[in-house]
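Here are my notes on the model you sent. They are set out as numbered points, with one topic to each.

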Amino acid sequence: MSNEARIPQVPLASFYFFYFAVLGGFMPYWGLYLQQLQFSPEAIGQLMAILMATRIIAPNFWGYVADRTGKRLQMVRAGAFLLMFFWLGVFFTESFWPLAFVLLGYSFFQNAILAQFEAVTIAHLGAQRELYSRLRLWGSIGFIVTGASLGMLFDVIPVSWLPLCLLACAAATWLASLQVPDIATPTRAHRHEDFFTILRRPMVVAFLLAHFLLQLSHAPYYSFYSIYLEQHGYSRSAIGWLWALAVLAEVIAFTQMHRWLPRFGEQKIMLASLLLSALRWAVIGVGIESPLVVWSAQVLHAASFATFHAAAISVIYRQFGDGHQGQGQALYSMLWGLGVALGSWWTGLVWDLHPLWSWLAAAVACLMAAAILFRRADPAH
């Protein structure tokens, strides 16, 4: 039996599919759901910031425990169950503070499990890390399925049905986690270098700063993009297909990363991703009245997420080694949450003044990230 045949591709892909199916319903429509509950843009920004802020604590705490115990898959299964449990609270409140508490509990577990599942996937792949993108693309397909189908559904029924749809996806995520075979993963006993020594490497510092700024730039997209589209006359089915198109571009990019990474290297791919991301945010801001511009900009999601993320996973594996994979993935996830949380809070404050400012600020953040990464170029990669 070949090494590829021994990899549990169906269970791994199924988890990615359902985990991102939750996000495929959440990201396009949660802002619209909150708007239906009469929350202001400032309150929407604050609630989205709570969701993302849990990435500051949860992934690092879980990463530390996982690196000490090696029980990553057990933690993933427990977290998947608890995120489903906390999501039930959405059905019992529509006011700010109780909803904030529910989202805090839900997102603590939702944000914690992906980093550890990524480490489980890498352990199953072993030396065949180039297959990662083929598995991860099923998460993108899950996002497309829920994003597009719910968009068409919410043109017919109220968006108040969203929590029930997401509960079903969350339950499927937990069930999928039970089908993944366990595997031994490196623990802190395998480390060859102190974690903080790795963090002081100039290339690692530049990479993490660039990653943070890229996620900061995504805040208007994650928090207000659907609202922005609806304000300019786009239907909910169109909104769903726009999100789906972005993720379809992501899928295509993931299928090619096993060719592009060896050919171009991590550094060039990340720099190109940042520059194209800056272009994406700028054209969304100034070209919202043109459907052609809006649809074309969504294709650039292949750069603002897929190519950067696939290259970043490779950087983390190479820089953090076996003994610090969990904490490396957790730190990556933490900075993702911190960037989007700060960006969501700031976007909520300025949105009513002029939405265009948010999109242009996002473009500037990507240009800053590219400049930082370029100055610390790693010639070997």
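1. Which residue follows H2, and what is the sign of its phi? The residue is Gln38, and its phi is positive, near 75 degrees. Bear in mind here and below that this is a predicted model.

2. Helix H2 itself runs over residues 9-36, which makes 28 residues. From first C-alpha to last it reaches 40 Å, close to the 40 Å expected at 1.5 Å a residue. There is nevertheless a bend of about 50 degrees in H2, placed at Tyr29.

3. On burial, 20 of the 28 residues of H2 are buried, so this helix is largely enclosed by the rest of the structure. H2 also contributes two or more residues to the lining of the largest cavity, and at least two to that of the second largest cavity.

4. The structure has three cavities of 30 Å³ or more. The largest cavity holds about 500 Å³ of space. Its lining comprises 30 residues, and those nearest the centre are Phe20, Leu23, Arg55, Tyr222 and Trp336. Several helices give two or more residues to this lining, among them H2, H3 (41-69), H6 (132-153), H10 (219-231) and H14 (325-350). H5 provides the largest share, seven residues. By class, the lining of the largest cavity has 19 nonpolar, seven polar and four charged residues.

5. The second largest cavity holds about 40 Å³ of space. Its lining includes Met27, Pro28, Gly31 and Leu32, as well as Tyr221, Tyr222, Ser223 and Trp243. H2 and H10 each supply at least two of the lining residues, and the largest share, seven residues, is from H10. Nine residues of this lining are nonpolar and three are polar, with no charged residues. Tyr222 deserves a look in the viewer: this residue lines the second largest cavity and is also among the residues nearest the centre of the largest cavity.

6. As for pockets, the second largest one contains about 220 Å³ of space. It is lined by 15 residues, and Trp260, Leu276, Ala302, Ala303 and Thr307 are the closest to its centre. Helix H11 (236-286) and helix H13 (301-320) each give at least two residues to this lining. H11 accounts for the largest share, with ten residues. The lining of this pocket divides into twelve nonpolar, two polar and one charged residues. H11 and H13 are also among the elements that give two or more residues to the lining of the largest cavity.

7. Ser107 belongs to helix H5, residues 96-125. Is Ser107 buried or exposed? Its relative accessibility is 0%, under the 20% limit, and Ser107 therefore counts as buried. The Ser107 side chain makes a polar contact with the side chain of Thr54, at 3.1 Å. A polar atom of the Ser107 side chain also lies 3.4 Å from the backbone oxygen of Leu104.

8. Ala168 is in helix H7, which covers residues 162-178. Its relative accessibility is 48%, so Ala168 counts as partly exposed; the threshold for exposed is over 50%. The C-alpha atom of Ala168 is separated by 9.5 Å from that of Phe18, although the two residues are 150 residues apart along the chain.

How values were computed: Residues numbered from 1 in each chain as written. Predicted model: local features only at pLDDT ≥ 70, side-chain atom pairs only at ≥ 80, totals over all residues. Heavy atoms only, no water. Helix = DSSP H or I, 4+ residues; strand = E, 2+ residues; numbered from the N terminus. Expected span 1.5 Å × (residues − 1). Bend = angle between axes of the 7 residues up to and from the residue. Buried < 20%, exposed > 50% of the residue type's maximum accessible area, 1.4 Å probe, protein only. 1 Å grid on protein atoms, 1.4 Å probe; cavity = no way out; pocket = protein on both sides within 12 Å on 5 of 7 lines; lining within 4 Å. Points joined across faces, edges and corners; volume = space filled by probe spheres on them. Nonpolar A, V, L, I, M, F, W, Y, C, P; charged D, E, K, R; others polar. Polar contact = N/O pair within 3.5 Å; in protein donor to acceptor, adjacent residues only side chain to side chain.
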